[in-house]
Amino acid sequence: LHKCIDLLVEFDEDGNPEKTALANELTEKYKEILIDEYQDTNEAQNILFETVSRDKKNFYCVGDVKQSIYRFRLASPELFMKLKDKLPICEGEFNTASQIILEKNFRSRKGVLDNINFIFSNLMSDYAGEMEYTPKDALYYSDVYKAPSDTPDVSLRLLRDADTAAEAEYVAGLIEKTIRSGVTVYPKSGAREVRAGDFCILLRSLSGKAEVYEAALRRRNIKVIFEKYGA
């Protein structure tokens, strides 16, 4: 990465970057600079992106700061936030710099989205998460998920002072109970009874936990798969 910067950027006495001849050549070569997951860009990467762009006039990036998880890799989500806060909302004209908000969600029921928005709006703030969760940051339901809404979409359970083993037992028991209840699910293939493969357990880290959950599920004869370390 730093070799690339040395080839493309020279810094003046005040530390301001200036393009090299090679950078100018690449600028003419590339018509568009397209960046996905811009919230995970670091300062060095951003220098490269801006250097080969045409003063950022052919610069297009997509991102969501709520999904930024690579600070430990020196990602700078503030780069995304500064750009987002500076750009006006696009009004249909594409000859000036602007932002387009992708607010429609096509994957979840309205009840799921309502609960996510409620939780995020209470947890996210400039103090706690470096951003406020405002209506323009919310996810809005798009009426494409054709499933009955007469059953709860979200259930929140809080376990106090529970260690990994207790959590695993609780989760495994809840899954077993749900499977036995014969509740109906609605995949694209059509309505059917719920089965083990419909469940996914998300853990912040697998280390020291995945095996505990696996054992709790297998004791209940529930098939489970997870990617073991070294496998």
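Which element supplies the largest share of the lining of the second largest pocket? Keep that in mind while we look around this predicted model.

Let's start with the largest pocket, which holds about 2,300 Å³ of space. It's lined by 42 residues, and the ones closest to its centre are Val112, Asp153, Val154, Ser155 and Cys200. If you trace the lining along the chain, you'll find that strand E5 (104-105), helix H5, helix H7 (164-181) and strand E7 (184-185) each put in at least two residues. As for chemistry, the lining of the largest pocket splits into 27 nonpolar, seven polar and eight charged residues.

Now hop over to the second largest pocket, with a volume of about 1,300 Å³. Here 39 residues form the lining, and Cys61, Val62, Gly63, Gln99 and Ile100 sit closest to the centre. Strand E4 (59-61) and helix H4 (77-86) each give at least two residues to this lining. And there's our opening puzzle solved: H4 provides the largest share, five residues. The lining of the second largest pocket contains 19 nonpolar, seven polar and 13 charged residues.

Finally, let's go to the surface. Phe118, Ile119, Leu123, Leu156 and Leu158 together make a nonpolar patch of about 590 Å². One of them, Phe118, is part of helix H5 (residues 110-123), the helix that also supplies at least two residues to the lining of the largest pocket. Is Phe118 buried or exposed? Phe118 counts as exposed because its relative accessibility is 57%, and the cut-off for exposed is over 50%.

Key:
Residues numbered from 1 in each chain as written. Predicted model: local features only at pLDDT ≥ 70, side-chain atom pairs only at ≥ 80, totals over all residues. Heavy atoms only, no water. Patch = residues over 30% accessible without salt bridge, like charges linked within 9 Å, V, L, I, M, F, W, Y side chains within 5 Å. Areas by Shrake-Rupley, 256 points an atom, 1.4 Å probe, with all protein chains shown as cover. Salt bridge = Lys/Arg side-chain N within 4 Å of Asp/Glu carboxyl O. Helix = DSSP H or I, 4+ residues; strand = E, 2+ residues; numbered from the N terminus. Buried < 20%, exposed > 50% of the residue type's maximum accessible area, 1.4 Å probe, protein only. 1 Å grid on protein atoms, 1.4 Å probe; cavity = no way out; pocket = protein on both sides within 12 Å on 5 of 7 lines; lining within 4 Å. Points joined across faces, edges and corners; volume = space filled by probe spheres on them. Nonpolar A, V, L, I, M, F, W, Y, C, P; charged D, E, K, R; others polar.
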